[in-house]
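Hi everyone, thanks for making time. Please have a look at the model on the screen, and then I'll walk you through a few spots.

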Amino acid sequence: MKKFLQLVFILFTFSVSSQGIKVNQKNSYTLFVKTLTNSKEIKYQDILNAYNNFIALHPENITVKVYKCKFIGSAYYDENEGYNLKYEETQECIDDLYSTYPNNPEVLLYKLENTYGEEGNELIDNIISIYKSNETDWNFEQISHFYEICANRFYDDHYKSISYAKKAEKFNDTLDLSVLISRAYLNLNNKEKAKKRLLTSLDIDHEAWVLNEKGKLLVELNEYEKALKMFDRVNEKDSTLLNTEGLYKIFLEKENYKQARMYLLKDTLDTWNKTINIQKLFSHDLLYSNPQLALESYRRLQKESYYDDFLGIKRLKLFIKSPFESWTFTEISHLLILVALIVVLFLIPYLWILPIYSFSRFFKLEKVKTEEKLSVNWSLKHFWVISFFYLFCQVVLGLVYYYQDYINYLFDIGYSYVDESLVESELEIANSVIVFSSLMLVSTLLFLNKKRLKFVLSSIFSFRQMIGFSILFVVFNFIILKILGGFFDLTDAANFIKALSAKEEIVAVFNEYGFVISVLIVALIVPFYEEIIFRGVILSSTEKHLGFARANIIQACLFATVHFSLKFFIFYFIFGIITGYTVKRTNGLFTGIVFHAVNNFAALFAIYMATKLLSGI
């Protein structure tokens with residue numbers, strides 16, 4: 001009788017607190033969270049008691065125990081702030097579940113949902129091992145959910161993400177991960193597979209935000225009519241999710257520039273991220289509107305932030321569009337800052353030229369005067385000029401491709417740049433490599449006369465010997481990379497490509513322009529001008545003042561520095577030292593150019609083969 005009364009009391013308490021929700025119904029925790037409005041803490045305790053009372057009567061029900069933890073974790077979670085007031089209680093509940101049921105699928109999946117980083121990767125390996133040892137404990141829904149978590153967890157590893165996503169859909173035929181898979185294919189520059197996968201899932205009903213993501217992908221894939229229909233579906237479900245950016249691109253493609261501009265104009269009415277939105281409006285007006293409208297947008301930007309066009313590049317573009325528009329004092333001040341920047345670039349090379357000159361004069365290195373020099377007449381003046389050209393080309397590149405992003409970042413303008421501004425697209429990287437390589441090639445050719453060209457093409461080795469030594473050099477470089485932890489086995493091609501992060505420029509040019517153009521830029525032009533600059537101009541000019549050994553170290557350090565990779569600094573330094581000694585040994589640059597070209601070609605060919613291996617995914 002006593003137990004019966006306790007049961008009645010428990011059921012009564014539960015019915016009051018839950019408003020008819022049963023703790024053991026599917027995903028009860030989400031329904032409970034929605035009831036937490038007024039008197040939140042009281043209701044929270046009532047629902048928690050309901051869970052505890054049910055578990056006391058059904059201690060074998062692991063699902064409800066998981067729901068209890070999920071309720072604790074979501075009841076006080078603030079989505080806007082990304083903060084959970086019950087974080088410690090949630091973690092304690094998860095850890096208690098995991099220690100009690102370390103092999104239970106529901107517990108493992110819940111634990112994985114809340115475990116990240118290296119610990120999360122270790123847990124994934126552990127779950128795979130547990131699943132393989134006893135597959136009968138897992139149902140298809142759980143297996144699918146596990147692979148879905150993995151697909152999202154390895155989002156940056158596109159090949160692995162696609163593989164996991166396909167496995168998740170295989171075990172759950174109602175699951176649609178087309179957005180994730182298509183995005184991964186797009187990131188791999190495989191638009192055909194991205195389009196094919198996305199188009200097969202357009203009729204599936206989803207929440208508005210998922211349909212919105214499909215619409216954005218359709219725009220990127222140039223499927224504008226389908227994207228327009230998708231955005232109509234989004235608008236029917238949730239008009240607040242109106243995708244003005246996607247609609248802008250659609251009408252821009254239709255060459256309806258006025259209609260496209262209306263969507264940008266609408267965004268500028270919002271106070272949040274207003275400056276960023278006006279920047280987009282000005283960019284549109286600069287290309288498609290009349291000069292007066294473009295100038296109006298520009299001056300509207302200046303009112304929002306003086307720093308928006310800190311170096312006056314936008315005003316110069318506007319000047320090219322319409323030379324006779326009036327200038328304000330503020331606009332002229334930006335140009336004065338640009339001139340000041342060029343003056344600074346002119347002076348910067350003295351930071352390393354003067355110490356070299358002063359060191360040799362102060363210590364009067366008599367031995368340097370007597371040792372045999374390279375038979376070429378480059379001097380510190382040439383070192384200074386090529387340094388200026390190098391810095392100038394880098395700045396020009398930044399102003400052409402990344403000006404707005406860098407300005408936003410440096411002066412804290414807007415919010416969209418935080419996650420995206422300095423993340424370059426492969427097309428931007430590839431184009432910047434081609435432009436920079438072309439500029440540097442032209443600059444380098446200005447340093448050549450008949451005698452210097454002869455030095456560039458000189459070598460005591462035959463071409464066959466150079467190729468043989470180059471292959472050995474490539475093997476040596478791979479060994480160095482492996483020692484440094486930057487090389488992965490080619491059998492795991494995805495990891496191999498990832499390991500070539502120091503060579504991301506090579507990957508970008510290859511993905512955007514193909515193998516032949518990549519060979520021309522990466523394996524011919526780049527080695528040619530880099531060897532002339534570092535093992536030619538810098539090495540020979542510095543050698544005259546410091547001797548070969550010191551000069552070789554300096555050029556190798558500079559060579560490693562300009563590759564902007566701390567992880568691979570030692571690799572590039574060793575590369576520079578060896579090619580420097582090759583110049584001394586052969587009294588010419590040609591052997592070093594061949595070494596450099598073969599090395600770059602090997603990296604490019606490895607990327608090509610890795611891509612071939614993964615093309616079937």
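I'll talk about the cysteines and then about one helix. Before that, please keep in mind that this is a predicted model.

Let's begin with a bit of background. A disulfide is a covalent bond between the sulfur atoms of two cysteines. How many does the structure hold? There is 1 disulfide, and the partners are Cys69 and Cys93, with 1.9 Å from S to S. The link between Cys69 and Cys93 is left-handed, with -75° about the S-S bond. It ties together distant parts of the chain: Cys69 belongs to helix H4 (residues 62-75) and Cys93 to helix H5 (residues 87-100), 24 residues apart.

Are these two cysteines buried or exposed? Cys69 has a relative accessibility of 0%, so it counts as buried. Cys93 comes out at 13%, and since buried means under 20%, Cys93 is buried as well.

Two other cysteines are worth a quick look. Cys393 is at 5% relative accessibility and therefore counts as buried. Cys557, at 28%, counts as partly exposed.

Now for the helix, H30, which covers residues 548-561. With 14 residues at 1.5 Å a residue, H30 should span 20 Å, and its end C-alpha atoms are indeed 20 Å apart, so the two agree. Which residues of H30 are buried? They are Phe548, Ala551, Asn552, Gln555, Ala556, Phe559 and Ala560. These buried residues cover an arc of only 165° around the axis, so they sit on the same side of H30.

That's my tour, and I'm happy to go back to any of these spots.

Methods:
Residues are numbered from 1 along each chain as its sequence is written. This is a predicted model: local features need pLDDT of at least 70, side-chain atom pairs count only at pLDDT 80 or more; totals for chains, interfaces and linings use all residues. Side-chain values use heavy atoms; hydrogens and water are left out. Helices (H or I, at least four residues) and strands (E, at least two) are DSSP runs, numbered from the N terminus. The expected span of a helix is 1.5 Å times one less than its number of residues. Buried means under 20% relative accessible area, exposed over 50%, partly exposed in between (1.4 Å probe, protein chains only). The arc is that of the directions from the helix axis to the C-beta atoms. A disulfide is a pair of cysteine sulfur atoms within 2.5 Å.
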